[in-house]
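Subject: the structure I promised

Hi,

Here is the structure we talked about, for you to open alongside this email. Have a look at it first, then read on for what turned up.

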Amino acid sequence: VFVVDDDPGVLSSLRFLLETEGFDVKTFRSGGALLRSHDADACDCFVIDYKLDDMDGLDLAGELRTRRVDAPIILITGYPDDDIARKAAAAGVHEVLLKPHLQETLVADVRAAIQDWRNPRP
């Protein structure tokens with residue numbers, strides 16, 4: 001699981017949560033750092049913050065899709081907004097989760113996204 005968040009505290013917390021549940025996690029402090037990484041195709045699921053210093057999470061999701069990276073993307077945001085949800089769906093985002101309630105659903109949502117991606121329904 002690749003996690004992108006510009007807040008070091010959130011990044012560390014998400015890494016800890018996911019690693020505790022058995023996931024291999026790689027973290028990035030910006031969208032640009034992820035895009036410069038040459039192993040985006042090796043990712044089973046992306047967890048991307050909506051508000052990043054260098055771009056927003058929707059732009060990053062769109063760029064991943066442009067690069068034909070098809071792993072599921074979970075967008076996290078502290079800004080509940082129907083417009084974000086609509087744009088996220090158009091950008092190929094699997095799920096939008098609201099902070100600060102991530103711990104309640106993130107692990108289950110990551111597992112479900114990976115399962116659905118690896119075993120698509122006919």
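Starting from the outside: the accessible surface of the protein is about 6800 Å², and carbon and sulfur atoms account for 48% of that. Please keep in mind that this is a predicted model.

On overall dimensions, the C-alpha trace spans about 40 × 30 × 30 Å along its principal axes. The radius of gyration is 13 Å, which agrees with a compact globule, because a chain of 122 residues packed that way would come out near 14 Å. Of those 122 residues, 43% count as buried. As for charges, there are 14 positive and 23 negative ones, and the mean positions of the two sets are 4 Å apart.

Now the fold. The protein has five helices and five strands, and along the sequence they follow the pattern β-α-β-α-β-α-β-α-β-α. If you take the contacts between residues at least 6 apart in sequence, 60% of them join residues at least 24 apart.

The inside is where I spent most of my time. The largest nonpolar core has 23 residues, and the members that touch the most others are Leu34, Phe46, Ile48, Leu60, Leu64, Leu75 and Val93. At least two residues of this core come from each of β1 (2-4), α2 (31-36), β3 (46-49), α3 (57-66), β4 (73-77) and α4 (82-90). Which of these gives the most? That would be α3, with four residues. There is also a second, separate core, made up of 19 residues, with Leu18, Leu97, Val107 and Val110 among them.

Leu60 is a good place to zoom in. Leaving aside residues up to four places away in sequence, Leu60 touches Val4, Gly31, Leu34, Leu35, Ile48, Leu52 and Met55. Next along is Ala61, which lies in helix α3. Is Ala61 buried or exposed? Its relative accessible area is 0%, so Ala61 is buried. With the same sequence neighbours left out, Ala61 touches Ile73, Ala91 and Val93. Ala61 and Ile73 are 12 residues apart along the chain, and their C-alpha atoms are separated by 7.1 Å.

Thr77 deserves a look too. Thr77 sits in strand β4 and has a relative accessible area of 1%, so it counts as buried. Beyond residues up to four places away in sequence, Thr77 touches Asp49, Tyr50, Ile84, Val96, Leu97, Leu98 and Lys99. One of these, Leu97, is also a member of the second core.

Finally, two loop residues. Arg68 lies in the loop between α3 and β4. What is its phi? Phi of Arg68 is near 65 degrees, a positive value in a residue other than glycine. Arg68 is at 74% relative accessibility, so it counts as exposed. Asp24 lies in the loop between α1 (8-20) and β2 (26-28). Asp24 has a relative accessible area of 69%, so this residue is exposed as well. The C-alpha atoms of Asp24 and Phe2 are separated by 8.5 Å, with the two residues 22 apart along the chain.

If you only have a few minutes, I would start with α3: Ala61 lies in it, and α3 gives the most residues to the largest core. After that, try Arg68 for its positive phi.

Cheers

Note on methods:
Residues are numbered from 1 along each chain as its sequence is written. This is a predicted model: local features need pLDDT of at least 70, side-chain atom pairs count only at pLDDT 80 or more; totals for chains, interfaces and linings use all residues. Side-chain values use heavy atoms; hydrogens and water are left out. A nonpolar core is a set of buried Ala, Val, Leu, Ile, Met, Phe, Trp, Tyr and Cys residues joined through side-chain atoms within 4.5 Å. Buried means under 20% relative accessible area, exposed over 50%, partly exposed in between (1.4 Å probe, protein chains only). Contact means heavy atoms within 4.5 Å. The radius of gyration is taken over C-alpha atoms; the globule rule is 2.2 Å times the number of residues to the power 0.38. Accessible areas come from the Shrake-Rupley method with a 1.4 Å probe; for residues, only the protein chains shown count as cover. Lys and Arg count as positive and Asp and Glu as negative; His and the chain ends are not counted. The place of a charge is taken as NZ of Lys, CZ of Arg, CG of Asp or CD of Glu.
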